[in-house]
Structure formats: C-alpha cells, structure tokens
Amino acid sequence: MTATSTPNGVRTVKSASRTIELLEYLASRQANPPHLAEVCTALGAPRSSVYALLRTLVQQGWVQSDGTDGYSLGIRVLIAGTSYIDSDPYVRIVRPILVDLSTTFGETFHMGRIDGDKVVYLFTQESHRELRAYSRVGRRMPATATALGKVILAHRPELIPETFERLTEFSITNRVDFDADVATTLERGYSTEDQENTLGVRCIAFPLPYSQPVTDAISCSIPKVRWTEANVERITEGMRAAAIRIVESAPVSV
C-alpha cells in the first residue's frame, strides 16, 4: 500500500484512490459493462493489478461479473447508496412533502443534490398518471441541463462548467445563454427547463437554502402537453410554499 500527498497536505492511499476511480468508472458505464481491457485503459493501470482489484471487489459484492469478462457494479453499492439516502436528515423532511405535492398536482416531483457540475437525484415521487415523467434515484445528470441543477448553479456560479453537454436539441450549450437563464432564475426565485434533457418534458425547480452554500433543490417534471399557464402557476405556488416549509423544518447547518 502506497500513499502520496495532495496539495493540502492530506496523504492519499493509492489503492483506495484506484478503487474509488474504478467504482466511479463502472457507474458511468451504466448498462454497458466494460471488459477488463477497457477498465485498464480507463484507469491507466496494468492488467494484473486491475484484475486483482476487480476480483477482490467481486468477492466482496461491490462488483459483479457477467461471466464474459464484463464488469458492473454489485449489490453492495446499492446497499451503501440506500443507507446514504435513509440517513440523510434533509431527505427525511423532503420526502413526505413531495409525496403530498405529487398527490395534489398529479405530477412527478424530485429532490436533487449538486455533485461537482452534476446533479444527483436523491428522491423521486412519480405521478400515477399514464403520461408522466420517469426518473431514477441515484441518476447523475449534467446540472446545466436540468432545472434542479440550474437553480443550484444560480447560487453556485463557481460550479458552472466551462463546457456544456448537449442532451437534446434544446440544451443550453454556451455561457452567454446560460448566464441569461441564471439571471432570470435569480430574479423570479426558481428555474425552468424546456426539454433540455428529455424531449416532451418541462420542469420547474426551487432551491432549498437550508445550508450555505446551497446544495439541494426540488423540482417538478411536467409533460409538455400539460404545461399550461394555469397549471404551471398552481404548481409553482405550491412548490414555493413547500420549499419554505422544508427550509423552516430543516436542521440548522453547522
């Protein structure tokens, strides 16, 4: 086991760093499990050490093999992720409020948290309508292409990336347009998103400033066919009141 020093003086363990890098790489591949050679290339590490690390993680349940030299995340990752969500005090407060919003308005509501220049979905309450937006807890999306991410970035300009990912033809792909979007968001107190990551779906999002800097937000995904002025106004006011309730109920951030 070897260790190196980072610029802030904290010593990092190389094997631990490589394990984390491996798990994050497998997570990025999602439903496309990489083969051993691809993992070696991605990590820039020799085949022998990568194979030994993979076999260790397979034995411990953090990685699984498909039997044809393909590797993906194992069930232990799900257990750890679920534990993270279940133990989070803010998710516990937000969850029942989003359930109430979904019941009231019949749409899909989310809670998300910023992670670098991405936003991670921590909770989703799906609409029960036949036509509805779908999402997955644990999904990690470019913050610039989601209402959740955009409303957080409006309060965290230091996290706005230099390049913008295009997920659909409607995605914002340059800083000038994004800054204009941010200005509108700050003026009205919430962000909107028009098919910027999923065609046929529009979104509204409010920040949750119970911590500084802001890390979390809530959003509502609405099929474009139901995006009417009256419907959006009702949902926006309901979400504004819900965001205030959440912040008032949240533990004080130290």
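Me: Is Gln-195 buried or exposed in this structure, and what is its relative accessible area?

Reply: The model is predicted: local features need pLDDT of at least 70, side-chain atom pairs count only at pLDDT 80 or more, and totals for chains, interfaces and linings use all residues. Residues are numbered from 1 along each chain as its sequence is written, and side-chain values use heavy atoms, with hydrogens and water left out. Buried means under 20% relative accessible area, exposed over 50% and partly exposed in between, with a 1.4 Å probe and protein chains only. Gln-195 is therefore buried, its relative accessible area being 8%.

Me: Where is Gln-195, and what is its phi?

Reply: Helices (H or I, at least four residues) and strands (E, at least two) are DSSP runs numbered from the N terminus. By that numbering, Gln-195 sits in the loop between S8 and S9. Most residues other than glycine have a negative phi. Gln-195 is not a glycine, yet its phi is positive, about 60°.

Me: Which residue in the loop between S3 and S4 has a positive phi without being a glycine?

Reply: The loop in question joins strand S3 (63-65) to strand S4 (71-73). The residue there is partly exposed, at 33% relative accessibility. With a phi of about 75°, it is Asp-69.

Me: What is the omega of the peptide bond from Gln-212 to Pro-213?

Reply: Pro-213 lies in the loop between S9 and S10. Most peptide bonds are trans. The bond from Gln-212 to Pro-213 is cis, with omega near 5°.

Me: Which strands stand at the edges of the six-stranded sheet?

Reply: The sheet is open and antiparallel, in the order S7-S6-S5-S10-S9-S8, where two strands pair if DSSP finds at least two bridges between them. Two of the strands have a single partner each, so one side of each is left without a neighbour in the sheet. These are S7 (140-142) and S8 (191-194).

Me: How many bridges join S5 to S6?

Reply: S5 covers residues 108-115 and S6 covers residues 118-125, and the two run antiparallel. One of the pairs sets Phe-109 against Gln-125 in S6. The number of bridges joining S5 to S6 is seven.

Me: At what angle does H5 run to S5?

Reply: Axes are lines fitted to C-alpha atoms, for helices over the stretch in contact, and angles run from 0 to 180 degrees between N-to-C directions. Helix H5 (residues 89-105) lies across S5, S6, S9 (201-208) and S10 (216-223). Its angle to S5 is about 150°.

Me: What span does H5 reach, from its first C-alpha to its last?

Reply: The expected span of a helix is 1.5 Å times one less than its number of residues. For the 17 residues of H5 the expected value is 24 Å. The model comes close to this, at 25 Å.

Me: Which residue caps the N-terminal end of H5?

Reply: The cap is a polar contact, a pair of N or O atoms within 3.5 Å; within protein, one must be able to donate a hydrogen and the other to accept it, and residues adjacent in sequence count only if both atoms are side-chain atoms. Here a side-chain oxygen lies 2.9 Å from the backbone nitrogen of Tyr-90. The other end of H5 is followed by Gly-106, with a positive phi near 70°. The capping residue is Asp-88.

Me: Which element gives the most residues to the largest nonpolar core?

Reply: A nonpolar core is a set of buried Ala, Val, Leu, Ile, Met, Phe, Trp, Tyr and Cys residues joined through side-chain atoms within 4.5 Å. The largest has 30 residues, of which Met-111, Ile-204, Ile-218 and Met-239 touch the most other members. H5, S5, S6, S9, S10 and helix H8 (229-249) each give two or more residues. The largest share, eight residues, comes from H5.

Me: Which residues does Val-99 touch, leaving out those up to four places away in sequence?

Reply: Val-99 is in H5 and is partly exposed, at 29% relative accessibility. Contact means heavy atoms within 4.5 Å. On that count Val-99 touches Phe-123 and Gln-125.

Me: Which residue's backbone oxygen does the side chain of Asn-231 reach?

Reply: Asn-231 is in H8 and is buried, with a relative accessible area of 13%. Beyond four places in sequence, Asn-231 is in contact with Glu-107, Ile-222 and Arg-226. At 2.9 Å, its side chain reaches the backbone oxygen of Arg-226.
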